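Let's go through this one together, question by question. Have the viewer open as we talk.

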Number of protein chains: 2
Amino acid sequence: MPNPEPFDFLPHIAYDSVVFGFSGEKLKILLMEYHKTGWFALPGGFVGINESLDNAVQRGLRERTGLDEVYLEQFYTFGSMERFKPEVMMKIMEPHGFEQKDHWLFKRFLSIGYYALINYEEVEPKPDKLSDSIGWYEVDKLPELILDHNFIVQKALNHLRTHLDQKLLSVNLLPELFTMKDLQQVYEAILGEELNRANFQRKILSLDILERHEKLFSGGSHKAPYLYSFKK
Amino acid sequence: MPNPEPFDFLPHIAYDSVVFGFSGEKLKILLMEYHKTGWFALPGGFVGINESLDNAVQRGLRERTGLDEVYLEQFYTFGSMERFKPEVMMKIMEPHGFEQKDHWLFKRFLSIGYYALINYEEVEPKPDKLSDSIGWYEVDKLPELILDHNFIVQKALNHLRTHLDQKLLSVNLLPELFTMKDLQQVYEAILGEELNRANFQRKILSLDILERHEKLFSGGSHKAPYLYSFKK
DNA sequence: GATTCATTGTATCGCTATGAAACAATAGTA
DNA sequence: TACTATTGTTTCATAGCGATACAATGAATC
């Protein structure tokens, strides 16, 4: 494979995206694996020379998940020298025929970190040209990632946790209709702690952001919960 | 003046710093003025090719204020296409003999925003090579700035306000010893609103972060306030 | 030295928010 | 019909916070 149009992208600039998904119980993120090396990495990409930064991240996400207009938030830009490890990139690119040691991909990069919140069930992730597989991994059981990607995930989680109340982002992690228990589980998965059921319900309802719909009869031998949706 | 070693810096990458200072009453920021154009801009700079991002900003700040180890926080990276206005940069550089239209300075840039909190009295700002003067301007009476710099300031202020309680940054805006009233004025200037004196004192003291020292006899005909410092 | 004044330190009152627990309702099962 | 698991709501005690009042105190004034 020849060089992928090197001068179509801004040199030295990359983004890494931490894609959070919720599986009903656990909070997970998308990771790509390079089989030849056994290495894991965050899905990332580059910024077109005439493309806005936000747009580049949206595009990369659309290509990998098929999802459009997902909730995206920039949280930090990583620019230390420790993250410059050309041998790692060279090892990854080796099977794809990148031999030149001075290739633009092996230069130093700043990386802008974004995170996304998406509905686990609506997504069929697809590996990109360089990675051999892509999949969901629980945030508290992540494998070792290349470069500073473990650190990036931690920073994303931190940002998400400290801004959770302000944004009520959970919108994107759940289907259109959900129960109060579903919503509480999202909060618990993100915050990493258990919440009191009664107080959670009181708090959320007092915010006046939910619409209550018909009940959900699950077949279980107990009171049926209401279904909710977010007000628009 | 010839090109300032173009390849010593990462292309397409800049930083802009919002330097907050407190004058005893008002919150101010540092602005640079290009006399030939009458334009104002945030002090910014570029990242050395072998230099960490944080280091580049520290360096720029040291060169302009003489201060070292100030509180610095990264708050956002600006990457829209609207901020790409080569004619503005060309106009600024014109008096310094940059004629080539394809010069690296006139390309598109991403800019990483940082803010700093410094003690107004310990600083003697100095203009850099390109700007003709540098000075303090009240945040609520800023002139029009080039590009998206007014927006950058707003975003910095927002970040500072929403994280003020977590960080207790005020440490850097005040001298070693200060009164409770001094501290309250810093908070009021940053938040842009008046605070209740009694409640502010109760809240701050309950945080257990201050050390109380001897009283300050100012000569005024009233009860003398205690002096405080931040615990270390 | 008593009086006055401006400012500071602290206490009080009422309301709201919140954590913990109890109580009530209900869909299915035995 | 009784029982069970889960959900919706209420209650109670406490913490936090805004608003206000009160007490203490340097210095100036008479």
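## Talking through the complex

Student: Of the residues around DNA strand D, which come nearest?
Tutor: Keep in mind that this is a predicted model. Around DNA strand D there are 22 residues. Both chains appear among the nearest ones, which are Ala198(A), His222(A), Lys223(A), Ala198(B) and Lys223(B).

Student: And which elements give two or more residues to the surface near DNA strand D?
Tutor: Look at chain A and chain B in turn. Chain A brings in helix H5 (180-191) and helix H6 (197-207), while chain B adds its own helix H6 (197-207). So the list, given what counts as a helix, reads H5 and H6 of chain A plus H6 of chain B.

Student: How many charged residues does that surface near DNA strand D have?
Tutor: Split it by class. There are 7 nonpolar and 10 polar residues on the surface near DNA strand D. The charged residues there number 5.

Student: What rotation superposes chain A on chain B?
Tutor: The shift along the axis is 0.0 Å, and the fit has an RMSD of 0.2 Å. The rotation itself is 179 degrees. The two copies are thus related as by a two-fold rotation axis.

Student: Why do we say the copies meet through the same surface?
Tutor: Start with the contact, which takes 17 residues from chain A and 17 residues from chain B. Then compare the two sets: the interface residues of chain A are also interface residues in chain B, and that is why the copies are said to meet through the same surface. The share is 100%.

Student: Which element gives the most to the side of chain A that touches chain B?
Tutor: The elements with at least two residues each on that side are strand S1 (9-22), helix H1 (53-65), strand S5 (71-78) and strand S6 (110-119) of chain A. By class, the side of chain A that touches chain B has 9 nonpolar, 7 polar and 1 charged residues. With 4 residues, the element that gives the most is S1(A).

Student: Is Leu61(A) buried or exposed?
Tutor: Leu61(A) sits in helix H1 of chain A. Setting aside neighbours within four places in sequence, Leu61(A) is in contact with Ser17(A), Leu67(A), Val70(A) and Ala116(A). It has 23 C-beta neighbours inside 10 Å, so Leu61(A) counts as buried.

Student: What is the phi of His12(A) near?
Tutor: His12(A) lies in strand S1 of chain A. With 20 C-beta neighbours inside 10 Å, His12(A) counts as buried. Its phi is positive, in a residue other than glycine, and is near 70 degrees.

Student: Where is Leu147(A) found?
Tutor: Leu147(A) is not a glycine, yet it has a positive phi of about 50 degrees. Leu147(A) is also buried, with 20 other C-beta atoms within 10 Å. Its place is the loop between strand S7 (133-138) and helix H3 (149-162) of chain A.

Student: Over which residues of chain A is the pLDDT below 50?
Tutor: Chain A averages a pLDDT of 88, and 96% of the residues score at least 70. The stretch you want has 3 contacts in the model beyond near neighbours in sequence. The pLDDT is below 50 over residues 1-7.

Conventions
Residues numbered from 1 in each chain as written. Chains lettered and ligands numbered in written order. Predicted model: local features only at pLDDT ≥ 70, side-chain atom pairs only at ≥ 80, totals over all residues. Least-squares fit on C-alpha atoms with pLDDT ≥ 70 in both. Contact = placed C-beta atoms within 7 Å. Near = placed C-beta within 6 Å. Nonpolar A, V, L, I, M, F, W, Y, C, P; charged D, E, K, R; others polar. Buried ≥ 20, exposed ≤ 12 C-beta atoms within 10 Å, placed from the backbone. pLDDT = per-residue confidence, 0-100.
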